[in-house]
Every structure is written in C-alpha cells, then in structure tokens.
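Reader: I am new to this structure and would like a close look at one part of it. Could you choose a single strand and take me carefully through what surrounds it?

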Amino acid sequence: MPGLVNTHHHMYQSLTRVVPSVQNGELFNWLTHLYPIWQKLTPEMIHVSTQTAMAELILSGCTATSDHLYVYPNGCRLDDSIEAAATMGMHFHAGRGSMSVGQRQGGLPPDSLVEQESAILEETQRAIMTADAAPCCE
C-alpha cells in the first residue's frame, strides 16, 4: 500500500507549536518569539522531537519524510535527529540547514543561534563523511 511522503519539516519545532504567545502569528513575529526558546534546545530535545514528529506522521499515513534541522545550540548535531529517526521505521532524509547571519549583522536570529560559515562547512562535510561510512538502513 502506498504511503504519503513529507518533503519538508522542522521536527524540533514540534516541541514549541503550542506556545500561546505565537499562536496565529505572522512568520517573523513567530520566529523572534521562539528563537529564545530554541536557544535552549539540547541533543535530547532534538531526539525526542524527531521521534514525536515521526510518530505523528506515521499515524497520518506518512511512510517517508525529510527534516530540515538548522539550529544547533548546546551541542546539538544532525546526528541527534538521524539516530532518533533510525528507531522509528520510516524512510528518512536529513537535511543540514544553517544560519550564519545574526542580529548584529542585520539578520533575524539571535547571534547565539548562528554559526560561522567555516564551522558550517566543516560540520556539513563531517556529516556527509559519516553518512557515507554508515551502513545503509533501507
């Protein structure tokens, strides 16, 4: 039986979708109110939010999904979502996003949530090399 395919998700945002102050808000207002919360994300929170989002997707008939993780505070890494997804029984494509322009440079996110471009490239290369070395799970 065919399943649905979700092509764009930010699974960590599952943890903050019920924050009353941002309900029914416009995008930039929503983001600026949630960035301070997302600054406190931990690897465990990425893990739990990935499993939560995937469970919801499975219950709705989705069999394949992607995730665009683009915030990495407090030691969070793309690996946290990949490891959580491996336990869920779905086809999964992880996308490593990033933000490199913080408020001091005219960007929207707080400076504590952005990464230096050299660090982004280094971590992206590490994630690719790790994925290339991992056994296929499909």
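Author: What follows is a walk along strand 2 and then outward to the parts around it, in a model that is predicted.

Strand 2 covers residues 62-69, and it is mostly covered, since 6 of its 8 residues are buried. On one side of the pairing stands strand 1 (residues 4-6), which runs parallel to strand 2 and is joined to it by 3 bridges. Strand 3 (residues 91-96) is also parallel to strand 2, and here the two are joined by 6 bridges. Individual residues show how these pairings line up: asparagine 6 stands opposite threonine 65 of strand 2, while histidine 68 stands opposite glycine 95 in strand 3.

Threonine 65 deserves a slower look. Its relative accessible area is 4%, and because the limit for buried is under 20%, threonine 65 counts as buried. Leaving out residues up to four places away in sequence, threonine 65 touches Asn6 and Met11, then Met54 and Leu57, and finally Met90, His91, Phe92 and His93.

Two of those partners, Met54 and Leu57, lead to a nonpolar core of 8 residues, which also has Ala53 and Ala85 among its members. Leucine 57 can also be compared with methionine 88, for the two are 31 residues apart in sequence and 11 Å apart in space, taken from C-alpha to C-alpha. Methionine 88 is found in the loop between helix 3 (78-85) and strand 3. With 22% relative accessibility, methionine 88 counts as partly exposed, and its contacts, once neighbours within four places in sequence are set aside, are Gln51, Met54, Ala55 and Ile58.

Helix 2 (residues 43-59) offers a view towards the surface, since valine 48 lies in it. Valine 48 is partly exposed, at 37% relative accessibility, and together with Leu15 and Met45 it forms a nonpolar patch on the surface, with about 220 Å² of accessible area between them.

There remains the largest nonpolar core, which has 19 residues, and in which Tyr12, Trp38, Leu41, Tyr70, Val71 and Met99 have the most contacts. Helix 1 (residues 27-38) gives the most to this core, with 4 residues. For methionine 99, again not counting residues up to four places away in sequence, the residues touched are Tyr35, Tyr70, Val71, Pro109, Leu113, Val114, Glu115 and Ile120.

Terms used. Residues are numbered from 1 along each chain as its sequence is written. This is a predicted model: local features need pLDDT of at least 70, side-chain atom pairs count only at pLDDT 80 or more; totals for chains, interfaces and linings use all residues. Side-chain values use heavy atoms; hydrogens and water are left out. A nonpolar core is a set of buried Ala, Val, Leu, Ile, Met, Phe, Trp, Tyr and Cys residues joined through side-chain atoms within 4.5 Å. Buried means under 20% relative accessible area, exposed over 50%, partly exposed in between (1.4 Å probe, protein chains only). Contact means heavy atoms within 4.5 Å. Patches are made of residues with over 30% relative accessible area and no salt bridge: like charges are joined within 9 Å, nonpolar side chains (Val, Leu, Ile, Met, Phe, Trp, Tyr) within 5 Å. Accessible areas come from the Shrake-Rupley method with a 1.4 Å probe; for residues, only the protein chains shown count as cover. A salt bridge is a side-chain nitrogen of Lys or Arg within 4 Å of a carboxyl oxygen of Asp or Glu. Two strands pair if DSSP finds at least two bridges between them.
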